[in-house]
Amino acid sequence: MSPEQQRQRSSLRVNRVFLKSFIGVLRLLQILLGAVLWATIAANKYEGSVHFVLFVSVFFWLLTLALYVLTLLDKQDLVPLLGGDRWLLSNTVHDLLAAVLYFAALGIMIYKTRKNSFCNLEQYRHHCLYKAYLSATVFSGLCAVTYLLSGIYGSCRKCRGKQTLVAT
């Protein structure tokens, strides 16, 4: 390993181009919306298929956070098998898979919200999950849309022959 490569590996610098780019802003939105989604679900009593929604939100929140930090610090070359020239493709596959699973989570939350809509009355005195499920439905939809947008963005860049997430 040359001294230049060793210096690049050991230094930490922020990729400001990524931070200000469309995909960088989308990643921040994905992290924020995903955290709000799983916090909304975890803060309330949940059962059954909502466990899947919680799994999807936490799993992709952690993966997106890792992808964001690696790209922000320009350390994607250190990821075996998925980094380097495959980083754009890896991110695109991650985003499209997340979009599909978030749309499935959205369907589950719509079903659960409708199922609990009976308790959305002022006279209803028992614990009601309707509002929690409704907000989780909204955040599931927003997450699905942001991942779909970033998946389309990555697909367009890949089809144009680009190898990086942002133009540097």
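S150 touches I23, L26, R27, Q30 and D95, leaving out residues up to four places away in sequence. Contact means heavy atoms within 4.5 Å. The exercises below start from this residue.

The model is predicted: local features need pLDDT of at least 70 and side-chain atom pairs pLDDT 80 or more, while totals for chains, interfaces and linings use all residues. Residues are numbered from 1 along each chain as its sequence is written, and side-chain values use heavy atoms, without hydrogens and water.

**Exercise 1. Place S150 in its helix, say whether S150 is buried or exposed, and find the backbone oxygen that its side chain reaches.**

Step 1: locate it. S150 sits in helix α6, residues 130-159. Helices are DSSP runs of H or I with at least four residues, strands are runs of E with at least two, and both are numbered from the N terminus.

Step 2: check accessibility. S150 has a relative accessible area of 1%, so it is buried. The cut-offs are under 20% for buried and over 50% for exposed, with partly exposed in between (1.4 Å probe, protein chains only).

Step 3: look for a polar partner. The S150 side chain comes to 3.1 Å from the backbone oxygen of Y147. A polar contact is a pair of N or O atoms within 3.5 Å; within protein, one must be able to donate a hydrogen and the other to accept it, and residues adjacent in sequence count only if both atoms are side-chain atoms.

**Exercise 2. Compare the end-to-end distance of α6 with the span expected for its 30 residues.**

Step 1: get the expected value. The rule is 1.5 Å times one less than the number of residues. For α6 this gives 44 Å.

Step 2: compare. The end C-alpha atoms of α6 are 43 Å apart, so the two values agree.

Step 3: look past the end. G161 follows α6 and has a positive phi, near 90 degrees.

**Exercise 3. Do the same for α4, then list its buried residues and packing partners.**

Step 1: span. Helix α4 covers residues 50-72, 23 in number. From first to last C-alpha it reaches 32 Å, close to the expected 33 Å.

Step 2: buried residues. These are V50, V53, L54, V56, S57, F60, W61, T64, L67, Y68, T71 and L72.

Step 3: partners. The buried residues of α4 pack against α2 (16-20), α3 (22-42), α5 and α6.

Step 4: the exit. D74 follows α4 with a positive phi, near 55 degrees.

**Exercise 4. Describe how α3 packs on α4 and on α5.**

Step 1: α3 and α4. Their axes come within 9 Å and cross at roughly 150 degrees. Axes are lines fitted to C-alpha atoms, for helices over the stretch in contact, and angles run from 0 to 180 degrees between N-to-C directions.

Step 2: contacts of this pair. Among the residues that make the contact are G24, R27, G34 and W38 of α3 and V50, S57, W61 and Y68 of α4.

Step 3: α3 and α5. Here the axes lie 14 Å apart, at an angle of about 35 degrees. The contact is made by I23, R27, G34 and L37 of α3 and N91, H94, D95 and Y102 of α5.

Step 4: handedness. The crossing of α3 and α4 is left-handed. α3 also passes α5 in a left-handed crossing. Left-handed means that the near helix is turned anticlockwise from the far one by less than a right angle; clockwise is right-handed.

**Exercise 5. Work out the surroundings of R27, L33 and A99.** As for S150, neighbours within four places in sequence are set aside.

Step 1: R27. This α3 residue is buried at 1% relative accessibility. R27 is in contact with F18, T64, L67, Y68, N91, H94, D95 and S150.

Step 2: L33. It also lies in α3 and is buried, at 11%. L33 contacts F139, L142, C143 and T146. Its C-alpha is 9.2 Å from that of S57, 24 residues away in sequence.

Step 3: A99. This residue belongs to α5, residues 87-115. A99 counts as buried, at 2%. A99 touches A144, Y147 and L148.

**Exercise 6. Summarise the chain and its annotated regions.**

Step 1: elements. The chain has 6 helices and 0 strands.

Step 2: totals. Of 168 residues, 39% are buried. Among contacts with a separation of 6 or more, 76% join residues 24 or more positions apart.

Step 3: annotation. An unreviewed UniProt entry marks residues 17-40, 52-73, 93-111 and 132-153 as "transmembrane region". Positions follow the numbering used here, feature names are shortened, and annotations may be inferred rather than shown by experiment.

Step 4: test two spans. Residues 17-40 are 96% helix, with end C-alpha atoms 32 Å apart. Residues 52-73 are 95% helix, with ends 32 Å apart.
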